[in-house]
Structure formats: C-alpha cells, structure tokens
Amino acid sequence: MKEAVEAVSNADKIVVLTGAGMSVESGVAPFRGDDGLWNEYDPQEMASITAFERNSERCWELFKLQIKECFEADPHEGHKALVDLENFGLNSIITQNIDALHQEAGSTEVLEIHGTLDELVCPSCGRSEETEERYEEILDGEIPRCECGSIMRPNVVLFGEPLPEGVMKKARERTENCDLMMSIGTSAVVQPAASIPLMAKRSGAEVLEINIESTSLTDNITDYFLQGKAGEVLKEIRDALRE
Ligand code: APR
Ligand code: ZN
C-alpha cells in the first residue's frame, strides 16, 4: 500500500478506468463473478443489438432491473475519494459503468465509454429524453415509447455495437498522456476497455490495480496490485495522501 500511495502522490496526470466492481458497494450487481448478472441473464439474449431488434420487450425486462438498481444506488466512499484525488492529479475517469455514480459523486470528467442508463433514445427517429421523465412508467413495467411510436432504449452500448467514437477518442488521448493508470473493479475481459491499461503502460505510465481478486492484468502489466474492495482501498489511499 505504501508504494502505491507514493505512486499516486508522485503522479501528475492520473487516469482511472472503472468497471462494475466500483459500484458493487453501492448495491449495483456486477456482470461476472459469484452474483454476476450474466449468471442469470444471457447477454446475447438480453443485451445485444440483435436481441433488442428481435425482441425489445424481453430486453426491457433487464433494462428495467438495471435502471431500478442504478437509480436506487448512491455513490460510496470510493466514488467520493476519487473526487478528492482530483487535488492529487486525477484528471479523468474512463468508466464502463452506466450508473452515473461518478458524476453523482461530483467527479469533473467522466468518460462513459459504454453509455448511460440516465438517457433514453429512440432507435427510429433519434429523439432522446431523460430516463427520469419515464421512471415511474418503467417501474410499473411499461415499455417507454417515443412520440413517433417506436420503443425507446437506454443510451447504453449493447453487445455488437460500436463504442461512442468521440468519447473513445478522448479516452485514448487521456490514456496516452497519463503517468498513472488506476484500473478499479474491472475483470478486464471486454474489449476495447480491457486494453486501456495496456495502452497506458505502452505510453510509459505505471498501472495500479484495485480488485477483490487478481485479473488478466495483474501478473502481466500491473505495477501495484491492491487486493480489496474499491471503496475501502480508495478511502485508505485518499486518507494516506492527506496525512
Ligand atoms: N471492489 C473491487 N472490485 C470488485 C468488487 C469490489 N467491491 N466487487 C467485485 N469486484 C471486481 C470483480 O473481481 C471483477 O473483476 O470487479 C470486477 C467486475 O467484473 P465485471 O462484472 O466483468 O464488470 P466489468 O469489468 O465492468 O465488465 C465490463 O462487460 O458486460 C459488459 O458492458 C458490460 O461494462 C461491462 C463490461
Ligand atoms: Zn422516435
């Protein structure tokens, strides 16, 4: 932990990559591991673009569950610690999470490379609206339709879809110019997000990983591995920096 805190304190440009493990302590289920969502729902059947085009109603069973869970979740100590780390050189959070908890905690720059549940879009006419506006209806099990009549969808990246180009461009630029990459709560299996820590390493950055268990990054590119819960470890790092 001591060397890791040193690395954070010496870094001028820190970029963070977060995954579902960052939100577990806020009550949001991860996708993989013991209580992962993909143990119950088949992502190809429920969270892919082909599944949505074939059977939007079925996909809305999962969207509803995710929207309810994320709307009921609050940022935890770890999200707040990342806001405090902005005083120690953190300049960007690249997140795979769609729960908007980093923004809710007050982080300044959050690059949502897998989109967000906070917004609904119409696949036919492109109209978008705040999920908040349709929250009660969604909770009542209704499927939100656009004024044009089409079934709307959350503005998330479904399997089989490209990532938002503008956001990815900014994320690549931040990654290539950082001197410390903190990978937090991601299984690092889904591309292209999983390559971000490697991209940082190749650009000369050190990699600090926080996870409750090791991942494919740990033995290959991680310089500092802190095994533990994101909220607890981040709070410890922030408190040590304040000393
Ligand atoms: N603190 C830190 N890490 C944790 C915690 C915790 N409290 N709880 C779980 N983890 C770790 C797990 O060990 C695992 O490595 O978080 C990771 C969660 O992995 P996934 O569920 O695969 O989430 P993620 O890596 O974000 O998945 C990437 O896959 O299904 C797609 O689009 C989805 O964005 C998601 C992407
Ligand atoms: Zn429409």
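In the predicted model, Glu 232 is exposed, with a relative accessible area of 52%. Because residues count as exposed over 50%, the value of 52% places Glu 232 in that class. The residue belongs to helix H11, which spans residues 230-242. Its C-alpha atom is separated by 6.7 Å from that of Gly 78, although the two residues are 154 residues apart along the chain.

The protein as a whole contains 11 helices and 9 strands. Its radius of gyration is 18 Å, close to the 18 Å that the globule rule gives for 243 residues, so the protein is as compact as a globular protein of that length. Along the principal axes, the C-alpha atoms fill a box of roughly 55 × 30 × 30 Å. Of the 243 residues, 52% count as buried. Among contacts with a separation of 6 or more, 66% are made by residues 24 or more positions apart. The accessible surface comes to about 11300 Å², and carbon and sulfur atoms account for 44% of this area. There are 22 positive and 47 negative side chains in the protein, and the centres of these two sets lie 3 Å apart.

Ser 48 is located in the loop between helix H3 (43-46) and helix H4 (49-54). This residue is buried, with a relative accessible area of 1%; the class applies because buried means under 20%. A polar atom of the Ser 48 side chain lies 3.1 Å from the backbone nitrogen of Ala 51. When neighbours within four places in sequence are left aside, Ser 48 is in contact with Pro 43, Leu 158 and Phe 159.

Thr 218 also occupies a loop, in this case between strand S8 (206-211) and strand S9 (224-227). With a relative accessibility of 12%, Thr 218 counts as buried. The side chain of Thr 218 takes part in a polar contact of 2.9 Å with the side chain of Glu 209. The side chain of Thr 218 also reaches the backbone nitrogen of Thr 215, at 2.7 Å. Apart from neighbours within four places in sequence, the residues in contact with Thr 218 are Glu 209 and Phe 225. Glu 209 thus appears both as the partner in the side-chain polar contact and in the list of contacts of Thr 218.

Backbone geometry was examined at several loop positions. Ala 100 has a phi near 60°, a positive value in a residue other than glycine. Ala 100 is found in the loop between strand S2 (90-95) and helix H7 (101-105), and it is buried, with a relative accessible area of 10%. A positive phi is found for Ala 188 as well, with a value near 55°. Ala 188 lies in the loop between S7 and H10 and counts as buried at 11% relative accessibility.

The loop between strand S7 (180-184) and helix H10 (196-202) also holds Pro 192. A cis peptide bond joins Gln 191 and Pro 192, with omega about 0°. This loop therefore contains Ala 188, which counts as buried at 11% relative accessibility, together with Pro 192.

Key. Residues numbered from 1 in each chain as written. Chains lettered and ligands numbered in written order. Predicted model: local features only at pLDDT ≥ 70, side-chain atom pairs only at ≥ 80, totals over all residues. Heavy atoms only, no water. Helix = DSSP H or I, 4+ residues; strand = E, 2+ residues; numbered from the N terminus. Buried < 20%, exposed > 50% of the residue type's maximum accessible area, 1.4 Å probe, protein only. Polar contact = N/O pair within 3.5 Å; in protein donor to acceptor, adjacent residues only side chain to side chain. Contact = heavy atoms within 4.5 Å. Rg over C-alpha atoms; globule rule 2.2 N^0.38 Å. Areas by Shrake-Rupley, 256 points an atom, 1.4 Å probe, with all protein chains shown as cover. Lys, Arg positive; Asp, Glu negative; His and termini not counted. Charge placed at Lys NZ, Arg CZ, Asp CG, Glu CD.
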